[in-house]
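Biologist: Before the terms used for this fold are accepted, I should like to hear the grounds for each of them. May we go through them in turn?

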Amino acid sequence: MRADIVPGAVFPDYELPDQDEVVRRLSDLQREDPMILTLARGHYCPKEHQQHLELAAFYPKIAVSYTQIVTIATDEHHTLQEFRASVGAQWPFLSDPGRIVQRDLAIQEYTDPDNDPMIPYTLVLKPGLVVHSIYNGYWFWGRPTIAELWQDLRAASSEVRPDWDLSKPGLREAWDSGDHSAFHGWNKRPTG
């Protein structure tokens, strides 16, 4: 991984086609939420299937927690669709057969010249694509467990959500006065 991709740094805002061939930008997919980003070897790898099956089982919790998830793989379009469908994923999978991400981040898995994949990484990103944590998954045990992702997302969310602790001084007073700017979701509702 490039030396500048560390906790606190801003991750590159890649723009790649999704499983429906719609070009998507990471920042647009993330919006104002924390995000789990997997940089995957692709459909051929059984380790990717295991990790993504676990993420798919975890997805209902991700979906209700104002958190996004995105997978980037080097698969061509149809193979990417098969990968996504085979693990039951409901989140965007981005296709990078040109290996733009692999080259830019210096994560070519040179030990597999037949498939030329990326070294698989999982990142937790705070809003603004700010890196919170990085997991190197070249060896399967290097990938984060669901419990580790939960802890990372708890820490990242508590840092970026002003209303994380409703007992924080001033929050009740702001709410009662009609100032909902510190309350996630409520800050986007139309006012009276």
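**Grounds for the terms**

Modeller: Let us start at one pair: Lys 126 stands opposite Val 130 in E7. Please bear in mind that the model is predicted.

Biologist: What makes E6 and E7 a pair of strands?

Modeller: Pairing requires at least two bridges. Six bridges join E6, residues 121-126, to E7 in antiparallel fashion, so the criterion of at least two bridges is met. Val 124, for instance, lies opposite Ser 133 in E7. The hairpin of these strands has three residues between them, and Gly 128 there takes a positive phi near 85°.

Biologist: How do you know that E3 pairs with E6?

Modeller: The same cut-off of at least two bridges applies. E3 and E6 run antiparallel and are joined by five bridges, so they count as paired. Within E6, Val 124 is the bridge partner of Ile 36.

Biologist: Why are E5 and E7 said to stand at the edges of the sheet?

Modeller: The open sheet has five strands in the order E5-E4-E3-E6-E7, and its pairing is mixed. Strand E5 (93-95) and strand E7 (130-136) each have a single partner strand, so one side of each lacks a neighbour in the sheet. Neighbouring strands are turned by 20° against each other on average, direction ignored.

Biologist: What makes helix H2 a helix that packs on this sheet?

Modeller: Contact means heavy atoms within 4.5 Å. Helix H2 (residues 46-64) touches strand E3 (35-40), strand E4 (68-73), E5 and E6, and its direction makes about 165° with that of E3. Helix H3 (residues 77-87) lies across E3, E4 and E5, running at about 160° to E5.

Biologist: Why is E6 called mostly covered?

Modeller: A residue is buried if its relative accessible area is under 20%. Six of the six residues in E6 are buried, so each of these lies under that 20% limit. Tyr 121, Leu 123 and Leu 125 point one way, while Thr 122, Val 124 and Lys 126 point the other way.

Biologist: What makes the largest nonpolar core a core?

Modeller: Such a core is a set of buried residues of certain kinds, Leu and Phe included, joined through side-chain atoms within 4.5 Å. The largest has 22 residues, and those with the most contacts inside it are Phe 11, Leu 26, Leu 37, Leu 39, Ile 72 and Leu 123. These six are therefore buried and joined to the set through side-chain atoms within 4.5 Å. Apart from this core lies another, of 18 residues, including Trp 91 and Val 124.

How values were computed. Residues are numbered from 1 along each chain as its sequence is written. This is a predicted model: local features need pLDDT of at least 70, side-chain atom pairs count only at pLDDT 80 or more; totals for chains, interfaces and linings use all residues. Side-chain values use heavy atoms; hydrogens and water are left out. Helices (H or I, at least four residues) and strands (E, at least two) are DSSP runs, numbered from the N terminus. Axes are lines fitted to C-alpha atoms, for helices over the stretch in contact, and angles run from 0 to 180 degrees between N-to-C directions. Buried means under 20% relative accessible area, exposed over 50%, partly exposed in between (1.4 Å probe, protein chains only).
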